[in-house]
Amino acid sequence: MHMMFPARSVPPEETPVPAAMNIGSTIRGYRLQKGMSQGDVEKRTGLLRCYLSRVENGHTVPSLDTLQKIAGALGLPLSQFFAEETIARDLNSLSLSEDDIRFLTQVQRYAAHLTDSDRKLLLAMVKKFSQTALV
């Protein structure tokens, strides 16, 4: 005997929701950029490596106090974790290739370690290059 089930209604198409911020991948990126292991961060913060792994893999969301400890261990201001995501989201909304996005992300990371005067010089150079590229 065959049973017939009513046809399932398909929900209307929804507006895409922006991707949630993954603070763990941002932390991992900075940690690796600085050549540090999870053990190095563990020693500086007292947070267990297994906890840091869960944060970096997106299984656990740390509190602001914990984020502050991690930022301090990496020698970064807490705001740097959030600035990276904002820039990445802005870059993803542009029509850029993966190579362009990778290059601009590297520039942003290197610029974070520059003095204010060097950062201004870099910005002036980029503006000049972009003006000549558009002509």
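**Figure 1. Confidence along the chain of this predicted model, from helix 2 to helix 5.** Among the elements of the chain, helix 5 (residues 79-92) has the lowest mean pLDDT, at 62, whereas helix 2 (residues 38-45) has the highest, at 95. Over residues 2-20 the pLDDT is below 50, and this stretch has zero contacts in the model beyond near neighbours in sequence. Taken over the chain, the pLDDT averages 75, and 72% of the residues score at least 70.

**Figure 2. The chain as a succession of helices.** The chain has seven helices and zero strands, so that, read along the sequence, its pattern is α-α-α-α-α-α-α. Of its 135 residues, 25% count as buried. Among the contacts between residues at least 6 apart in sequence, 54% join residues that are at least 24 apart.

**Figure 3. The packing of helix 1 against helix 4.** Two packed helices are described by the angle between their axes together with the distance between those axes. Here helix 1 (residues 23-33) and helix 4 (residues 64-74) pack at an angle of about 15°, and their axes are 10 Å apart. Because angles under 35 degrees count as roughly parallel, helix 1 is roughly parallel to helix 4. The crossing of the two helices is left-handed. Helix 1 contributes I23, I27, Y30 and R31 to the contact, and helix 4 contributes L67, I70 and L74. By class, the residues of this contact divide into six nonpolar, no polar and one charged.

**Figure 4. The surroundings of R31 in helix 1.** R31 is one of the residues through which helix 1 makes its contact with helix 4. Is R31, which lies in helix 1, buried or exposed? With a relative accessible area of 7%, R31 is buried, because the cut-off for a buried residue is under 20%. When residues up to four places away in sequence are not counted, R31 touches M36, S37, Q38, V41, E56 and L74. Of these, L74 also belongs to the helix 4 side of the contact between helix 1 and helix 4.

**Figure 5. N57 in the loop between helix 3 and helix 4.** N57 is found in the loop that lies between helix 3 (49-56) and helix 4. Its relative accessible area is 42%, and N57 is therefore partly exposed, whereas R31 is buried. N57 and R28 are 29 residues apart in sequence, and in space they are 8.8 Å apart, C-alpha to C-alpha.

How values were computed. Residues are numbered from 1 along each chain as its sequence is written. This is a predicted model: local features need pLDDT of at least 70, side-chain atom pairs count only at pLDDT 80 or more; totals for chains, interfaces and linings use all residues. Side-chain values use heavy atoms; hydrogens and water are left out. Axes are lines fitted to C-alpha atoms, for helices over the stretch in contact, and angles run from 0 to 180 degrees between N-to-C directions. Helices (H or I, at least four residues) and strands (E, at least two) are DSSP runs, numbered from the N terminus. Angles under 35 degrees count as roughly parallel, over 145 as roughly antiparallel, 65 to 115 as roughly perpendicular and the rest as oblique. A crossing is left-handed if the near helix is turned anticlockwise from the far one by less than a right angle, and right-handed if clockwise. Contact means heavy atoms within 4.5 Å. Ala, Val, Leu, Ile, Met, Phe, Trp, Tyr, Cys and Pro count as nonpolar, Asp, Glu, Lys and Arg as charged, and the others, Gly among them, as polar. pLDDT is the predictor's confidence in each residue, from 0 to 100. Buried means under 20% relative accessible area, exposed over 50%, partly exposed in between (1.4 Å probe, protein chains only).
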